[in-house]
Amino acid sequence: MLEGRYVRNQETLTDQDQNKLLASSVAIVGCGGLGGYIAEELARIGVRRLVLIDGDRLEVSNLNRQIMATEESIGLWKVEAARDRLQKVNSEVKVDIIKEWFEEERGTDFFNEVDLVFDALDSLATRVVLERVCHQLKLPLVFASIAGWYGQIGVSLPGDFSVLRLYGHGERGVESKWGNPAFTPAVLASLSVAEGVKLLIGSIPALRRAWLQVDLLTMEFERFELPSIEP
Amino acid sequence: MRVTVKLFATFRDGRFKVEERELPQGSNVLNILEPLNIKPDEVAICLVNGRDVNAQHFLNDGDTIALFPPVGGG
């Protein structure tokens with residue numbers, strides 16, 4: 001282990017917290033704008049294992065926002081480009097890659113020995129499926145989504161239906177029209193990792209049964225509640 | 001009756017952030033959406049006084065309606 005690697009995590013994270021992170025295994029579903037930054041931050045803060053899931057290859061239009069995309073990596077699988085970069089950042093993290101789209105029946109395989117899942121998908125329908133799978137497998141989920149200047153982020157624990165309630169309607173989000181600039185995924189990914197770290201070290205996340213509505217145009221961050229409902 | 005309508009994210013584009021509306025008794029969320037030219041299937045979630053409701057939900061004097069478009073990108 002590289003001496004001093006995690007020295008600047010200290011005080012924010014106790015030694016016990018850091019050790020919990022260094023024992024943890026995290027899956028990131030979607031390795032685009034959000035997923036790339038989430039993976040980067042988790043590798044830097046120090047987890048044991050990352051499972052990256054994405055069935056897509058890098059293209060030129062990804063360069064505006066996806067940290068794993070470089071001019072040299074165009075055409076590579078997103079998860080491969082991510083693994084290459086993450087190994088340069090922190091070779092002590094085991095990076096497992098899955099060059100497939102997330103599917104319900106693959107959940108058990110994909111999330112084998114995983115402690116936490118990040119939803120960094122770009123499909124509303126698949127987000128709902130992912131929450132269902134996480135609940136079945138008793139896995140905590142941090143979800144985030146972006147479109148233009150805007151984003152949403154929250155935590156869904158087994159028995160919550162935050163993702164279903166937020167993303168259960170409609171086929172496609174407004175990002176199809178408004179696109180995704182560089183800053184929005186970086187902000188929402190960081191907020192996701194902050195919540196995810198709390199879950200991994202056993203602290204209480206701030207955004208359970210709620211979501212944070214992020215507006216980078218007006219710089220307003222507003223929290224909304226999704227109180228539990230009778231199923 | 002008087003209600004407060006709050007719009008979020010791209011719904012604010014060409015519209016407003018927050019406005020008060022005067023509505024006849026018996027109005028529902030659909031009656032808010034129509035003059036705003038927002039179709040019900042463009043709304044990802046609608047909160048009335050902080051609770052998520054569907055478009056047929058009946059409104060009461062003093063209600064606050066918050067409307068959010070689907071934000072789904074990654």
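A residue is called buried when its relative accessible area is under 20%, and exposed when that figure is over 50%. In this predicted model, Asn180(A) has 15% relative accessibility, so it falls on the buried side of the cut-off.

Where does Asn180(A) sit in chain A? Its place is in the loop that links α7 (175-178) to α8 (183-201). Setting aside neighbours within four places in sequence, Asn180(A) touches a handful of residues of chain A, namely Asn64(A), Arg65(A), Ile146(A), Ala147(A), Gly148(A) and Glu175(A). The list of contacts also takes in Gly73(B), from the other chain named here.

That brings us to chain B. Its secondary structure amounts to one helix and five strands, and read from the N terminus the order is β-β-α-β-β-β. With a radius of gyration of 12 Å, close to the 11 Å that the globule rule gives for 74 residues, chain B is as compact as a globular protein of that length. Its C-alpha trace spans about 40 × 25 × 20 Å along the principal axes.

Inside chain B, 51% of the 74 residues are buried. Of the contacts with a separation of 6 or more, 54% join residues 24 or more positions apart. As for the outside, chain B exposes about 3,500 Å², and carbon and sulfur atoms supply 46% of that area. Chain B also carries 8 positive and 10 negative side chains, with 6 Å between the centres of the two sets.

Methods
Residues numbered from 1 in each chain as written. Chains lettered and ligands numbered in written order. Predicted model: local features only at pLDDT ≥ 70, side-chain atom pairs only at ≥ 80, totals over all residues. Heavy atoms only, no water. Helix = DSSP H or I, 4+ residues; strand = E, 2+ residues; numbered from the N terminus. Rg over C-alpha atoms; globule rule 2.2 N^0.38 Å. Buried < 20%, exposed > 50% of the residue type's maximum accessible area, 1.4 Å probe, protein only. Contact = heavy atoms within 4.5 Å. Areas by Shrake-Rupley, 256 points an atom, 1.4 Å probe, with all protein chains shown as cover. Lys, Arg positive; Asp, Glu negative; His and termini not counted. Charge placed at Lys NZ, Arg CZ, Asp CG, Glu CD.
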